[in-house]
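New to this one? Have a look at the model below, and then we'll walk through a few spots worth finding.

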Amino acid sequence: MNTIFIAPPAAGKGTQAKFLSEEFNIPHISTGDLLREEVNLGTELGDKIKNNLDKGEFVTDDIITELLTSRLTKPDCDYGCILDGYPRNITQAKLLEDIFDKLDKELDNVLFLDIDLDLALKRMQGRIVCPKCGTSYNINNESLKPKKDGICDKCATELEKRNDDNEETFKNRFNVYLDKTSELLDYYDKLGLLKKIEINNSDSAADTYLKIKKVINSD
Ligand code: AMP
């Protein structure tokens, strides 16, 4: 099952992708994580990427195509994967079709998490991540708080705010999302692959996951 998430920042796509990954036993591949891993390696490419990430700008298609193709070739993707953060525009959607063709894969679902700016902003303000294992938490959402304040449940590392989680960068990223990805919704709708999930203020992560399961199973 190859699935894509389309969602603005802080819609909870990382959390939902992890739930799906665990239930279906397929990898969750976040282009944001792939890029941050490259930055952490301290390579020349990583330095170039860091500059884009700090400003909330898009990283070039060439760089992402290369990192993603290499990731999708790994055997853990043989039975599917969950793509989080890619594609974000039609050019990338077409590049992904080329990558999938080349690797003999097919796209099955496109899940759209629909959230408004105010709610996304509130969620961003509460978001903290583990710098070691990448697990994400949210102090503004009871179901996503760490068990012990500021400490990762999985590896006991001290949690941090992401560099690009400040209000100005966040609004820029949200607007880039609106500009560039809205066309994707039409594109995948016409292909009959789009499934929309509305996120409300009162929804816990588990509520959202139930909605996702419902649309996936409605096929
Ligand atoms: P995310 O973790 O998905 O919020 O992504 C963090 C940052 O990585 C974004 O603000 C972009 O700078 C970069 N990025 C992630 N995915 C893409 C993509 N598909 N195309 C371009 N840049 C991306």
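The side chain of Ser 30 reaches over to the backbone nitrogen of Gly 32, at 3.3 Å. You'll find Ser 30 in strand E2, which covers residues 28-30. With a relative accessibility of 8%, Ser 30 counts as buried. Keep in mind that this is a predicted model. From here, the tour goes to the ligand, the aromatic rings and the cysteines.

**Around the ligand**

- There are 16 residues surrounding the ligand, and the closest are Thr 31, Glu 57, Gly 85, Arg 88 and Gln 92.
- Sorted by character, this shell has 6 nonpolar, 4 polar and 6 charged residues.
- Which helix gives the largest share of the shell? That's helix H2 (residues 31-41), with 4 residues.
- Arg 36 has a polar side-chain atom 3.0 Å from an oxygen atom of the ligand.
- Arg 173 also has a side-chain contact to show: an N or O atom there is 2.9 Å from a ligand oxygen atom.
- At Gly 85 it's the backbone that takes part, with a polar atom 2.8 Å from a nitrogen atom of the ligand.
- How much of the ligand's accessible area does the protein cover? On its own the ligand has 480 Å² of accessible area, and the protein covers 97% of that.

**Aromatic rings**

- Searching the whole structure turns up 4 aromatic pairs.
- One of them joins Phe 19 and Tyr 209 in an edge-to-face arrangement, with the ring centres 5.3 Å apart and 65° between the planes.
- Phe 19 sits in helix H1 (residues 13-24) and Tyr 209 in helix H8 (residues 205-217), so this pair ties together parts that are 190 residues apart in sequence.
- Are these two rings buried or exposed? Phe 19 is partly exposed, at 29% relative accessibility, while Tyr 209 comes in at 11% and counts as buried.
- Phe 170 and Phe 174 make a tilted pair, 6.1 Å from centre to centre and with 40° between the planes.
- Both of these phenylalanines belong to helix H7 (residues 167-190), where they are 4 residues apart, or about one turn of the helix.
- Phe 170 and Phe 174 are both buried.
- Add Tyr 177 to Phe 170 and Phe 174, and you have one aromatic cluster.

**Cysteines**

- How many disulfides are there? The count comes to 0.
- Why doesn't Cys 77 have a bond to Cys 81? The sulfur of Cys 81 is the closest cysteine sulfur to that of Cys 77, but at 5.3 Å it's too far for a bond.
- Cys 77 is buried, with just 1% relative accessible area.
- Cys 155 isn't in a disulfide either: its nearest cysteine sulfur belongs to Cys 130 and is 3.5 Å away, whereas a disulfide needs the two sulfur atoms within 2.5 Å.
- At 25% relative accessibility, Cys 155 counts as partly exposed.

Definitions and conventions
Residues numbered from 1 in each chain as written. Predicted model: local features only at pLDDT ≥ 70, side-chain atom pairs only at ≥ 80, totals over all residues. Heavy atoms only, no water. Near = heavy atom within 4 Å. Polar contact = N/O pair within 3.5 Å; in protein donor to acceptor, adjacent residues only side chain to side chain. Areas by Shrake-Rupley, 256 points an atom, 1.4 Å probe, with all protein chains shown as cover. Helix = DSSP H or I, 4+ residues; strand = E, 2+ residues; numbered from the N terminus. Nonpolar A, V, L, I, M, F, W, Y, C, P; charged D, E, K, R; others polar. Phe/Tyr/Trp six-rings, centres within 6.5 Å; stacked < 30°, edge-to-face > 60°. Buried < 20%, exposed > 50% of the residue type's maximum accessible area, 1.4 Å probe, protein only.
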